[in-house]
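Biologist: Please take me through one part of this model in close detail. I would like to begin with its pocket and then see what surrounds the rest of the chain.

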Amino acid sequence: VDLSEMVIDDRERGSFRVHRSSMTSAEILELERERIFSHCWLYFGHASEVPERGDFIRRRVGGRPLILVRSKKDGQLRALFNTCPHRGSLICRQDSGNAAVFQCFYHAWTFDTAGALVGVPDDAAYGECFDKQERSLVHVPRFESYRDFLFVSYDPDVPPLEEWLAGARENIDLVVDQSPSGRMRVIEGAHRYSMRANWKLLAENSIDGYHGMPTHQTYFSYIADAGGLLDDPSGEALPGRGRVLGNGHTTIEYAAAFGRPVARWVPQMGEELKAEIAAVRTDLITRFGEDRAMRIAERNRNMLIYPNLVINDIMGLTVRTFNPVTPDFMEITAFALAPVEEAGERLHTRLRNYLEFLGPAGFATPDDVEALESCQLGFTAGGVEYNDISRGMLREAQTTDELHIRGFWRQWHAQMTGRTISDWGDRPLVGAVRAMP
Ligand code: FES
Ligand SMILES: [Fe+2]
């Protein structure tokens with residue numbers, strides 16, 4: 001199939017289809033590495049993961065091994081390629097820690113925490129042209145942060161992060177403003193898991209409201225039994241909205257169906273927490289006014305920051321990033337996020353919510369792994385060429401519609417075919433916009 005036919009987008013008739021080879025072809029994955037992962041901003045980590053001077057983490061970002069380190073000398077964060085300028089070895093072979101220097105284990109070249117080459121065993125063996133500065137660790141061309149979310153780009157000419165985040169910025173604000181000081185932290189540790197599925201299946205799934213009820217019925221019945229649901233979980237869509245936010249970023253925002261530690265109390269959280277959560281709610285209203293406070297407290301949001309960062313602010317708060325290894329295999333890392341002020345029973349509730357639904361052994365994640373691996377297996381059947389992603393294309397997007405998934409694919413298709421676009425939505429809506437309940 002030629003690239004232009006990978007996505008068929010007929011906004012007039014309301015038909016949107018994606019060719020399945022986009023999920024199975026090694027050639028497509030190669031092109032994605034070149035045209036997408038080498039030119040976007042990609043999520044690296046959260047500033048709270050490296051609070052002290054000398055703290056570092058290593059991570060693969062868009063398939064490339066990198067080091068994030070807070071320098072001993074000046075406390076600045078730096079993103080470095082994790083490869084020895086000598087002959088290639090990984091410099092940092094530990095996932096996280098605190099270091100005075102980095103020493104390559106192969107021939108013991110030593111670098112300081114800003115990346116400068118500071119030690120070469122027997123350096124008299126090198127000629128005059130040997131310049132230590134030139135042999136230092138190389139910085140990733142672009143490294144910027146938005147409210148402690150750290151991103152890198154391999155493209156020196158990528159637009160500034162804030163500009164590129166477009167409408168996703170406001171949605172990140174809604175998450176971070178849960179904290180009275182505007183500071184969130186990653187709860188120590190990460191969930192690392194993998195799926196035998198194409199990475200784009202997880203991008204779709206993370207913002208797919210349509211699958212919630214059928215795929216995760218066990219969870220919803222369990223929560224309903226525990227008295228935590230607003231509405232009857234019989235399959236009605238939760239009221240809310242799907243939105244495209246520009247540059248492939250998309251979100252669904254919907255009425256909370258669960259108790260949220262910020263700031264929606266439900267009986268199963270226990271009487272002891274009632275007053276504390278009410279105080280959080282009052283504080284939100286004081287800081288942001290009734291409307292915005294209620295958006296933060298009462299609404300849930302599933303957000304995809306193109307191409308591979310998900311922030312799900314639901315009964316817990318997860319940050320999830322994923323990278324393709326082969327067309328039918330991806331690696332996923334997920335973190336639990338919380339306001340720095342949250343502690344004790346309230347934090348415990350948040351983490352319990354998180355594990356129950358979002359953890360790799362929770363109620364949801366195994367269901368999703370099964371669903372996505374099943375799609376990938378289904379693709380091998382052949383017979384069907386295109387997936388259908390047309391749901392709700394001719395109406396104002398509801399939470400179970402697929403507008404937000406189309407937003408992702410429109411950006412993907414534009415980048416793959418070397419176009420820039422400014423229109424990620426369906427055709428302009430006619431008629432009144434339904435107010436959100
Ligand atoms: S490869 Fe690192 S010191 Fe030789
Ligand atoms: Fe799911």
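Modeller: Here is a walk through the pocket, then the helices, then some single residues. Keep in mind that this is a predicted model.

Start with the largest pocket. Its volume is about 810 Å³. The lining is made of 29 residues, and the closest to the centre are Arg58, Arg59, Asp95, Ala190 and Arg192. Which strand gives the most to this lining? Strand 4 does, with six residues. Strand 4 covers residues 55-61. Other strands also supply at least two lining residues each, among them strand 5 (64-70), strand 7 (96-98), strand 13 (184-186) and strand 14 (191-195). Strand 19 (317-326) and strand 20 (329-339) do so too. By class, the lining has 11 nonpolar, eight polar and 10 charged residues.

Now look at how helices meet. Helix 1 (residues 26-37) packs against helix 10 (residues 403-416) at an angle of about 90°, and their axes are 9 Å apart. An angle from 65 to 115 degrees counts as roughly perpendicular. Helix 1 and helix 10 are therefore roughly perpendicular to each other. On the helix 1 side, the contact uses Ile28, Leu31, Glu32, Arg35 and Ile36. Helix 10 brings Trp412, Gln415 and Met416. This contact divides into five nonpolar, one polar and two charged residues.

A second pair is helix 3 (residues 168-176) and helix 7 (residues 274-298). Their axes come within 9 Å and cross at roughly 80°. That makes helix 3 roughly perpendicular to helix 7. Glu170, Asn171, Asp173 and Leu174 of helix 3 meet Arg292, Arg295 and Ile296 of helix 7. Here the classes are two nonpolar, one polar and four charged.

Is helix 4 (residues 199-206) buried or exposed? Eight of its eight residues are buried, so helix 4 is largely enclosed by the rest of the structure. Among them are Trp199, Lys200, Leu201 and Glu204.

Next come single residues. Arg346 sits in helix 8 (residues 344-357). Buried means under 20% relative accessible area. Arg346 has 10%, so Arg346 is buried. Leaving out residues up to four places away in sequence, Arg346 touches Pro261, Leu273, Glu276, Ile277 and Val280.

Leu137 is in the loop between strand 10 (117-119) and strand 11 (142-146). Leu137 counts as buried, because its relative accessibility is 4%. Beyond residues up to four places away in sequence, Leu137 touches Leu80, Phe81, Thr83, Pro85, Ile91, Phe111 and Gly115. Leu137 and His404 are 267 residues apart along the chain, and their C-alpha atoms are separated by 39 Å.

Finish with the backbone. A cis peptide bond joins Val262 and Ala263, with omega about -20°. Ala263 lies in the loop between strand 16 (249-255) and helix 7. Another cis peptide bond joins Tyr306 and Pro307, with omega about 0°. Pro307 is in the loop between strand 17 (299-305) and strand 18 (309-313).

Two residues other than glycine have positive phi. For Asp148, phi is near 80°. Asp148 is in the loop between strand 11 and strand 12 (149-153). Asp148 is partly exposed, with a relative accessible area of 27%. For Asn247, phi is near 55°. Asn247 lies in the loop between strand 15 (240-246) and strand 16. At a relative accessible area of 19%, Asn247 is buried.

Terms used:
Residues are numbered from 1 along each chain as its sequence is written. Chains are lettered from A and ligands numbered from 1 in the order in which they are written. This is a predicted model: local features need pLDDT of at least 70, side-chain atom pairs count only at pLDDT 80 or more; totals for chains, interfaces and linings use all residues. Side-chain values use heavy atoms; hydrogens and water are left out. On a 1 Å grid over the protein atoms alone, a cavity is a set of points where a 1.4 Å probe fits but cannot get out, and a pocket is an open set with protein on both sides within 12 Å along at least five of seven lines; lining residues have an atom within 4 Å of a point. Grid points are joined across faces, edges and corners, and a volume is the space filled by probe spheres set on the points. Helices (H or I, at least four residues) and strands (E, at least two) are DSSP runs, numbered from the N terminus. Ala, Val, Leu, Ile, Met, Phe, Trp, Tyr, Cys and Pro count as nonpolar, Asp, Glu, Lys and Arg as charged, and the others, Gly among them, as polar. Buried means under 20% relative accessible area, exposed over 50%, partly exposed in between (1.4 Å probe, protein chains only). Contact means heavy atoms within 4.5 Å. Axes are lines fitted to C-alpha atoms, for helices over the stretch in contact, and angles run from 0 to 180 degrees between N-to-C directions. Angles under 35 degrees count as roughly parallel, over 145 as roughly antiparallel, 65 to 115 as roughly perpendicular and the rest as oblique.
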